[in-house]
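The exercises below are meant to be worked through with the model open beside the text. Try each task before reading its solution.

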Amino acid sequence: MDGYLFTEINNEYIFKICGKATMKNSKVFSDFVDEKINEAKGILFEMSETTYMDSTFLGLVAKYAIDIKMSKGKSLVIINPSDEAFNFLKQTGINKFVEVITKDDIKVTEEISGEDFSNNLEKSKYILEMHEILMGLNEENEKVFKPVVDAMKKVIE
């Protein structure tokens, strides 16, 4: 299953990322998290079943790591990342901006659903924003993602 689940415990939201997390399915996730982030005491991403994250979704993780640090003074918590998930976080340097923990008794069961992108311009702007965030994390990311950012800017113009 590729998708997202959530649960709320003591005003902390735990979001489980299942299977492949990509640009194609991240809008529904980001819309839902955006609704909850301001009211939540904490945000945690459970990644034990995450098999793949594309660069757009990784940009989204970085965005939430930065947003939570700025608005709440806390770190985004990553619970039980699979080896694949941890490698993606490490390759992009996101692991330096999050707290990674192991916790065995997490049950996340409610499915997240919603609307996808309404048009191609909205999708292009979203992809651009996530890649600009990734690009700003470190020099290596800047080299890797600059061509994507430049290409997306041309698409939007």
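The expected span of a helix is 1.5 Å times one less than its number of residues. The model used here is a predicted one.

**Exercise 1. Work out what span helix H4 should have, and compare it with the distance between its end C-alpha atoms.**

Solution. Helix H4 runs over residues 120–135 and therefore has 16 residues, for which a rise of 1.5 Å a residue leads to an expected span of 22 Å. The end C-alpha atoms of H4 are 22 Å apart, which agrees with this expectation. The same check can be made for H2, which has 18 residues and reaches 25 Å from its first C-alpha to its last, close to the expected 26 Å.

**Exercise 2. Describe how H4 begins, which of its residues are buried, and what these pack against.**

Solution. At the start of the helix, a side-chain oxygen of Asn 119 comes to within 3.0 Å of the backbone nitrogen of Leu 121. The next step is to look for residues with under 20% relative accessible area, and in H4 these include Tyr 126, Ile 127, Leu 128, His 131 and Leu 134. The buried residues of H4 pack against helices H1 (23–37), H2 (55–72), H3 (83–92) and H5 (139–156).

**Exercise 3. Find out whether Lys 27 is buried or exposed, and which residues it touches.**

Solution. Lys 27 belongs to helix H1, and its relative accessible area is 10%, so it counts as buried. Leaving aside neighbours within four places in sequence, Lys 27 is in contact with Glu 115, Asp 116, Phe 117, Glu 122 and Tyr 126. With one of these, Glu 122, the side chain of Lys 27 forms a polar contact of 3.4 Å.

**Exercise 4. Repeat the analysis for Asn 141, and state what its side chain reaches.**

Solution. Asn 141 is located in helix H5, where a relative accessible area of 2% means that Asn 141 is buried. Not counting residues up to four places away in sequence, Asn 141 touches Gln 91, Thr 92, Leu 134, Met 135 and Lys 146. The side chain of Asn 141 reaches the backbone oxygen of Thr 92 at a distance of 2.8 Å.

**Exercise 5. Identify the residues with the most contacts inside the largest nonpolar core, and the helix that supplies its largest share.**

Solution. In soluble globular proteins, nonpolar side chains tend to be buried together. Here the largest nonpolar core has 45 residues, and those with the most contacts inside it are Phe 15, Phe 29, Phe 45 and Leu 76. The largest share of this core, 8 residues, is supplied by H2. Apart from this core lies another one of 8 residues, among them Leu 5, Leu 44, Val 77 and Ile 106. Returning to Phe 29, we find that the residues it touches include Phe 15, Phe 45, Phe 57 and Ile 112.

**Exercise 6. Decide whether the radius of gyration of the chain agrees with that of a compact globule.**

Solution. For 157 residues, a compact globule would have a radius of gyration near 15 Å, and because the chain has 15 Å, the two agree. The chain contains 5 helices and 7 strands, and its C-alpha atoms fill a box of roughly 45 × 35 × 30 Å along the principal axes. Finally, buried residues make up 49% of the 157 residues.

Conventions:
Residues numbered from 1 in each chain as written. Predicted model: local features only at pLDDT ≥ 70, side-chain atom pairs only at ≥ 80, totals over all residues. Heavy atoms only, no water. Helix = DSSP H or I, 4+ residues; strand = E, 2+ residues; numbered from the N terminus. Buried < 20%, exposed > 50% of the residue type's maximum accessible area, 1.4 Å probe, protein only. Contact = heavy atoms within 4.5 Å. Polar contact = N/O pair within 3.5 Å; in protein donor to acceptor, adjacent residues only side chain to side chain. Core = buried A, V, L, I, M, F, W, Y, C linked by side-chain atoms within 4.5 Å. Rg over C-alpha atoms; globule rule 2.2 N^0.38 Å.
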